[in-house]
Each structure stands twice: as C-alpha cells, then as structure tokens.
Amino acid sequence: MQGETTVLDRSDIQGFVLRGYRMPHAAYLFYRFTDVPAARAWLAGMADPVTTAEEWDAAPSWCANVALAHPGLEALGLPTESLESFPADFREGMAARAAEHLGDVGDDLPDNWEPEPPFATRGVHAMLMLSAHDEGELDQRVQAFRERAGAGLEEVGCEGAAALGGAHAEREHFSFRDGISQPVLRGSGLEKDAPPGRPPVKPGEFLLGHPDEQDAVCQLHPAILGHNGTYAVYRKLSQDVPAFRRFLHEQGRGDPGLLAAKLMGRWPSGAPLARADRADDPVLASCAKHNNAFDYADDRLGYRCPRGAHVRRAHPRNGLPSERRHLLIRRGLPYGPELGDGAPDDGADRGLVGVFLNASIERQYEFVQREWINAPRFDDLENDPDPISGPGGGNFTWQGRPPRRLKGLPRFVTVRGGEYFFVPSITALRFLGDTSAP
Ligand code: HEM
C-alpha cells in the first residue's frame with residue numbers, strides 16, 4: 001500500500017548502498033579464497049569494520065565495504081540450495097553475459113579485458129572497497145586490511161581511484177560533474193533528499209527482502225542471506241580523453257562546449273540541458289534539489305536535451321511506471337592521471353571505476369547497458385548508440401531546426417574488466433562467516 005513503508009534498519013545495510021561517501025580516495029582489493037575456514041573467519045571478522053548506513057555524528061576518516069562474487073560463495077561451501085537461490089545473472093557473472101545480455105561488442109568483450117584481476121576467467125571471489133579522506137590514510141588502511149586478510153586469501157588484483165582536481169570535486173575525466181542523479185529509497189530516512197517530482201522508490205528496487213515497485217520481494221535461501229543485501233556491478237571503463245577532445249574541436253563548429261553538453265545532456269557544472277539549454281548555469285547546478293528536478297515531458301522532440309544524450313538514454317524520465325524499474329545507484333571514482341586542459345596525448349590509461357547498485361542485475365544494469373546505452377536503436381533513433389559510453393561507430397542526432405547528424409562517432413569508452421558482486425547485509429556477513437555452519 002502506498003503509505004506503508006518499513007523503516008529500513010540502516011545498521012544492517014552496508015553504508016555505500018544508501019549514501020555516497022564523498023571521499024576522494026579509494027582502493028578496490030580483489031581476493032581469491034585459498035582456505036575455507038580462514039576465509040569464513042575473515043568474513044565474520046569484517047562484520048565490525050564494515051561501514052554501515054547508520055547516520056554519522058561526524059564523518060569517519062575511512063570506510064570499508066565487502067562484496068562477494070558467486071564463485072566466492074561456491075568456494076565457501078554454501079549448500080546447493082543457497083547457491084541456486086541466486087538469480088542466473090549473478091551466478092553466471094559478467095564475462096559470460098557480456099555479449100548477449102550487456103550487448104558488449106568488439107574491444108569491450110572479455111577476450112580483450114586486462115588479465116588482472118582475473119575477471120574474464122572468474123578468478124575473483126571477493127572485493128574489498130576502501131575509501132578515505134586522504135591518501136596517507138588510505139595507504140595505511142590498505143596495509144592493515146592486507147595483514148588482516150592473512151593466509152586464507154590471495155590478493156589477485158588491486159585498483160586505485162581518486163577524485164580529480166581536489167578533495168570535493170566530483171568530475172570525471174571528460175570534465176563533467178558526476179554523481180548528481182541518484183535514486184532515493186523509501187524508508188531510508190533520506191527521503192528529504194529526493195528532488196521535487198521525483199519521489200523515492202520502494203526499497204526492493206535496491207534491497208533484497210523488501211517490496212519493489214511491483215510489490216514483489218526478492219528472497220534468497222535462507223532469507224537471512226538476502227535480506228538487506230544488494231548487487232554491485234563493478235565495471236572498469238577506460239576513457240579516451242584525447243579522442244573525445246579532438247572530436248569536440250573537429251565537430252563543434254566553434255563551440256566545442258555546446259557539443260559536449262549535447263552529447264552528455266548536462267553541462268560540465270552539472271546543470272541539465274532540460275533546464276538550461278543555451279548556456280551553462282552554475283547557479284542552477286549548485287542547487288542540489290532543482291538541479292535534478294526535471295523531466296523531458298516539455299522537450300519530447302529533444303530540442304533542448306537531445307533524445308540520444310547520455311543522461312537521457314540512461315534515465316529517460318518519461319513518467320512511465322516502467323521507468324522506475326530500471327534505476328541504478330552509481331558509486332565509484334575516476335582512475336588514472338588527469339589530462340590537463342590542452343595537454344597533449346600522454347598515452348596514459350584513465351577512466352572510471354564504475355560501481356552500479358541494483359536488486360536485479362538483469363532488469364536494471366543489464367537492461368540499461370544493452371537497451372539504452374549499447375543499442376543503436378533507441379526511441380526513434382536508428383543508428384545512434386550512446387555517444388559517451390556506447391561502442392562507437394554510430395551516429396549522434398542533434399535535434400533542432402535544422403537537425404544535425406554527426407556520423408561515425410569514435411569510441412570514447414572501453415570496458416577493461418568487471419564482475420557481478422553480492423553485497424551482503426551485516427547479519428548475512430556474520431552468517432556467511434559462521435565457521436560452525438555446514
Ligand atoms: C566512462 C563512462 C561514463 C561516463 C564518463 C559517465 C558520465 C556521466 C555523467 C557526467 C553523468 C551526469 C551526472 C549525473 O546525472 O549524476 C551521468 C549520468 C548517468 N549515467 Fe553515466 N557515465 C558513464 C557510463 C555509464 C554507464 C555504463 C551507465 C549504465 C549502464 C551509466 C548510467 C548513468 C545514469 C543512470 C545516469 C543518471 C541519469 C539521470 O538520472 O538523469 N553511465 N553519467
């Protein structure tokens with residue numbers, strides 16, 4: 001029923017599910033379990049240091065979170081009934097589903113991924129995410145958690161990430177502010193953060209064991225394993241910044257900034273084209289609520305925000321109930337060195353460590369990636385995949401009078417690896433770590 005919502009137990013939910021930490025440094029450590037009792041003990045021991053979603057009096061100086069891939073749950077020796085209670089998307093993992101379910105093509109496919117961590121061969125069992133306010137603190141925590149991991153876990157990869165341009169900047173490498181539009185959950189206590197006209201969603205869209213927008217409840221076996229848990233899609237996305245800038249200058253007809261905004265659907269400050277289509281509007285951008293209080297109902301043709309722009313494809317805001325079934329909470333940070341304005345191509349690898357949260361990988365992340373980002377057909381566009389994060393090679397249509405069609409866009413973003421992880425609740429961490437369990 002509309003008015004009834006359970007108040008979520010924030011002390012049982014891993015913190016990054018409900019809020020972005022806004023910490024500028026992060027490390028993602030990937031493990032393979034080599035000794036089952038030691039791995040279980042490690043998990044049980046993580047229940048305390050793991051950061052929960054409880055309200056902070058003062059922000060801590062670091063945060064830690066843990067997630068498990070299906071091969072990790074198998075290695076822990078979970079009973080078949082439990083292992084099979086996970087949906088096929090998570091059981092099969094990202095590499096097996098890349099071509100068919102994510103619509104990945106060419107360089108995005110697992111054969112071309114980086115060898116470490118061994119995502120393509122499903123050699124990753126667990127992910128430890130550490131965040132900190134300063135680099136020294138992060139290094140210390142990484143060291144301390146490495147010692148804690150001990151002999152039962154082999155580290156098979158580590159990814160570092162850091163905010164560009166200062167502690168509280170939230171820019172990604174193409175120079176746009178990121179992390180503005182995030183769904184808010186009913187019952188989370190954070191409903192006041194929802195922008196006008198964009199009401200909070202039922203918690204089951206992101207948390208197992210709770211009703212979703214259709215009042216269905218995802219359960220695992222036993223129920224304690226799933227309750228208050230979610231899935232994290234980890235995706236390392238390399239960004240070709242020199243190619244992006246070159247394209248803007250060659251095709252921007254003297255106004256590369258406007259072309260960039262049309263491709264993204266927001267200006268670098270974060271102001272949405274739906275509300276500011278002529279010029280960037282940093283004042284609008286600085287108002288957290290209004291900057292996200294819009295839809296495309298009065299811009300159906302895409303004259304303000306092109307229908308194929310990244311933010312419009314990734315979240316069409318069309319007011320249909322189905323729209324609320326494909327939402328994503330986005331976490332993560334840039335990796336690699338920033339390329340200064342006007343600096344020549346330095347050949348360095350840089351991009352985004354993307355961590356996307358959802359209760360159904362198939363209905364949410366995979367759907368958005370396949371149908372809205374990678375698919376050349378979208379809305380009534382024929383050969384226009386996402387111009388920012390799509391596979392390249394297609395067109396970009398700039399609706400207007402007259403319309404402009406930019407043909408054969410280069411690929412700007414390439415997948416370097418990724419995996420599907422289960423993010424257990426604190427209770428489930430203890431349950432998984434119980435060494436006396438069969
Ligand atoms: C390197 C690749 C990517 C870059 C540089 C990028 C950048 C951005 C930026 C700058 C925004 C606007 C800020 C905001 O609304 O919070 C945004 C929004 C968004 N992106 Fe991406 N993105 C990338 C890949 C992806 C992928 C792979 C997905 C999902 C499959 C995705 C889903 C979204 C969603 C859902 C939004 C929010 C749209 C809204 O609610 O209006 N992005 N992205």
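In this predicted model, helix H12 makes the greatest contribution to the shell around the ligand, supplying four residues. The shell comprises 26 residues, of which Ile180, Ser181, His310, His315 and Arg330 approach the ligand most closely. By class, 13 of the shell residues are nonpolar, seven are polar and six are charged. Polar contacts to oxygen atoms of the ligand involve both backbone and side-chain atoms: a backbone N or O atom of Ile180 lies at 2.6 Å, a backbone N or O atom of Gly179 at 3.3 Å, and a polar side-chain atom of Arg266 at 3.2 Å. Two or more residues of the shell come from each of strand S5 (230-239), helix H11 (310-314), strand S7 (351-358) and helix H12 (362-374).

The iron atom of the ligand is coordinated from the protein by a single donor, NE2 of His310, at a distance of 2.1 Å. His310 is located in helix H11.

The search of the whole structure for salt bridges returned 31. One of these joins the side chains of Arg22 and Glu170, with an N to O distance of 2.6 Å, and thereby links positions 148 residues apart, Arg22 lying in the loop between helix H1 (15-18) and strand S1 (25-33) and Glu170 in the loop between strand S4 (153-162) and helix H7 (223-226). Of these partners, Arg22 is exposed at a relative accessible area of 55%, whereas Glu170 is partly exposed at 26%.

Asp104 and Arg235 likewise meet through their side chains in a salt bridge of 2.9 Å, N to O; Asp104 belongs to the loop between helix H5 (88-101) and strand S3 (126-132), and Arg235, 131 residues away in the chain, belongs to strand S5. Both Asp104 and Arg235 are buried. In a further salt bridge, the closest N and O atoms of Asp212 and Arg363 are 3.7 Å apart; because Asp212 lies in the loop between S4 and H7 and Arg363 in helix H12, this pair ties together parts separated by 151 residues in sequence. Asp212 and Arg363 are both buried. In addition, a network of salt bridges links Glu114, Glu159, Lys236, Asp349 and Arg416.

Zero disulfides were found in the whole structure. For Cys287, the nearest cysteine sulfur is that of Cys305, at 19 Å, a separation that exceeds the 2.5 Å cut-off for a disulfide. Cys287 is partly exposed, with 28% relative accessibility, while Cys305 is buried, with a relative accessible area of 0%.

How values were computed. Residues are numbered from 1 along each chain as its sequence is written. This is a predicted model: local features need pLDDT of at least 70, side-chain atom pairs count only at pLDDT 80 or more; totals for chains, interfaces and linings use all residues. Side-chain values use heavy atoms; hydrogens and water are left out. A residue is near a molecule or strand if one of its heavy atoms lies within 4 Å of it. A polar contact is a pair of N or O atoms within 3.5 Å; within protein, one must be able to donate a hydrogen and the other to accept it, and residues adjacent in sequence count only if both atoms are side-chain atoms. Ala, Val, Leu, Ile, Met, Phe, Trp, Tyr, Cys and Pro count as nonpolar, Asp, Glu, Lys and Arg as charged, and the others, Gly among them, as polar. Donors are N, O and S atoms within 2.8 Å of the metal (3.2 Å for Na, K and Ca); water is not among the atoms, so sites may look incomplete. Buried means under 20% relative accessible area, exposed over 50%, partly exposed in between (1.4 Å probe, protein chains only). A salt bridge is a side-chain nitrogen of Lys or Arg within 4 Å of a carboxyl oxygen of Asp or Glu.
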